[in-house]
Amino acid sequence: MLHLTESDVRPLLPMTEAIERLRFAFESLARGEAQSQPRRRLTLPSGSVLHSMAGACGKYFGTKYYSTNRKHGAYFFFTLFDAESAAPLAMMEANYLGQIRTGAATGYAASLLANPKAATLAIVGSGFQARTQVEAIRAVCPIREVRTWSRDAEKCSRFAAEIGGEAAPTAQEAVRGADIVVTATNAKDPVIEADWVKRGSFVAAVGSNAATRRELPAELVRGAAIVVTDSMEQARIEAGDLILADCWSNAVELKDVRRSYRPEEIVIFKSVGIGLEDVAVAGWVYEKAVERGVGRYS
């Protein structure tokens with residue numbers, strides 16, 4: 001079995017390829033040729049949690065599993081298997097893998113649903129997931145301006161400088177007038193307001209995968225033309241943005257979406273992150289690692 005570290009994985013997975021791998025995965029899911037299993041969690045009295053999520057696509061299937069503790073951090077791993085023989089193929093550290101596939105999922109959704117001429121991106125949050133969200137959207141839209149805001153002004157300014165963007169003084173000033181809005185925070189309550197979002201915008205909420213947390217207000221979710229999620233089954237368990245808004249009548253799965261920009265309507269992508277996405281990009285990483293002689297065998 002091939003073992004890959006974070007430093008092995010990072011150069012093997014360009015964002016543009018990750019987006020294409022997810023495009024193939026969701027098209028396969030729509031044809032009934034792929035599978036995804038909702039995330040499962042085992043919670044301990046210490047506050048430590050073990051999370052696992054599985055999927056299958058094409059030649060591969062596998063599981064991402066990771067442990068988290070609010071005081072001590074998070075540790076991510078992915079195990080890849082051959083779909084035909086069930087033989088184990090690779091074990092890889094998967095922190096970066098998860099970051100880029102989360103960004104790629106937003107990029108893929110934006111390629112279908114955002115204004116193809118979108119020039120202004122607002123991102124609320126400057127942490128763990130924010131950087132790959134910007135990278136993915138830039139890969140599919142002609143973004144000329146990025147405005148960012150987060151609660152930590154110093155961190156926000158540093159992040160803005162690193163991505164070639166502008167740190168806004170308030171979340172409202174970041175969001176107003178933006179063609180695309182991304183929320184990538186660990187907030188429990190909404191971080192934007194509905195009347196800040198202009199008509200025709202694409203909004204991606206990627207920060208919460210807990211039923212009791214949300215980044216978007218119910219008014220915005222209920223008023224959207226369409227709400228897209230990567231998995232309806234998983235969203236009903238952990239998409240607080242939809243659960244707390246009690247909004248399902250206008251919700252569809254990403255696999256069922258075709259190019260559908262709506263110039264006078266707001267479209268929301270609620271990302272929860274699914275095992276299928278991890279399998280899709282991990283398969284590519286494994287193939288590139290073998291091709292280039294990266295990693296070590298045991």
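**Aromatic contacts, strand pairing and helix packing**

Tyr-66, Phe-76 and Phe-128 come together in one aromatic cluster. The model is a predicted one, and it contains 6 aromatic pairs. A pair of this kind is conveniently described by the distance between the ring centres and the angle between the ring planes. For Phe-26 and Tyr-108, the centres are 5.9 Å apart and the planes meet at 20 degrees, so the pair is stacked. Phe-26 belongs to helix α2 (residues 15-30) and Tyr-108 to helix α3 (residues 95-113), so this pair ties together parts that are 82 residues apart in sequence. Phe-26 is buried, at a relative accessible area of 1%, and Tyr-108 is buried as well, at 4%.

A further stacked pair is made by Tyr-65 and Phe-77, because their ring centres are 6.0 Å apart and their planes lie at 25 degrees. Here the partners come from strand β5 (residues 60-69) and strand β6, so the pair ties together parts that are 12 residues apart in sequence. Tyr-65 is partly exposed, with a relative accessible area of 27%, and Phe-77 is likewise partly exposed, at 31%. Aromatic rings also meet charged side chains in this model: Arg-236 lies over the face of Trp-248, at 4.4 Å from the ring centre, and Lys-288 takes up such a position over Trp-284, at 4.6 Å from the ring centre.

Attention can now turn to strand β4 (residues 49-57). Of its 9 residues, 7 are buried, so β4 is largely enclosed by the rest of the structure. Strand β2 (residues 34-36) pairs with β4 in the antiparallel sense through 3 bridges, and Ser-36 has Gly-55 of β4 as its bridge partner. Strand β3 (residues 40-43) is also antiparallel to β4, with 4 bridges; in this pairing, Thr-43 stands opposite Val-49. The hairpin of β3 and β4 has 5 residues between the strands, and Gly-47 adopts a positive phi near 95 degrees. On to β5, which runs antiparallel to β4 and is joined to it by 9 bridges, including one between Cys-57 and Tyr-60. Between β4 and β5 the hairpin has 2 residues, and Gly-58 shows a positive phi near 60 degrees.

Strand β7 (residues 88-93) has both parallel and antiparallel partners. Strand β1 (residues 2-4) runs parallel to β7, with 3 bridges joining them, and Leu-2 stands opposite Ala-90. Strand β6 (residues 73-82) is antiparallel to β7 and is joined to it by 5 bridges; one of the facing pairs is Phe-81 with Pro-88. The hairpin formed by β6 and β7 has 5 residues between the strands, with Ala-86 in the turn at a positive phi of about 70 degrees.

The last element considered is helix α4 (residues 130-140), whose buried residues are Ala-130, Thr-132, Gln-133, Val-134, Ala-136 and Ile-137. Their cover includes the helices α2, α3 and α5 (153-163), together with the strands β8 (120-124), β9 (145-149) and β11 (180-183). How are α2 and α4 arranged, and at what angle do they pack? Their axes are 10 Å apart and make an angle of about 80 degrees, and the two helices are therefore roughly perpendicular to each other. On the α2 side, Met-15, Thr-16 and Ile-19 meet Thr-132, Glu-135, Ala-136, Ala-139 and Val-140 of α4. Thr-132 and Ala-136 thus appear both among the buried residues of α4 and in its contact with α2.

Methods:
Residues are numbered from 1 along each chain as its sequence is written. Side-chain values use heavy atoms; hydrogens and water are left out. Two strands pair if DSSP finds at least two bridges between them. Rings of Phe, Tyr and Trp (its six-membered ring) pair if their centres lie within 6.5 Å; planes under 30 degrees apart count as stacked, over 60 as edge-to-face and the rest as tilted. Buried means under 20% relative accessible area, exposed over 50%, partly exposed in between (1.4 Å probe, protein chains only). A charge sits over a ring if NZ of Lys or CZ of Arg is within 6 Å of the ring centre and within 35 degrees of the ring normal. Contact means heavy atoms within 4.5 Å. Axes are lines fitted to C-alpha atoms, for helices over the stretch in contact, and angles run from 0 to 180 degrees between N-to-C directions. Angles under 35 degrees count as roughly parallel, over 145 as roughly antiparallel, 65 to 115 as roughly perpendicular and the rest as oblique.
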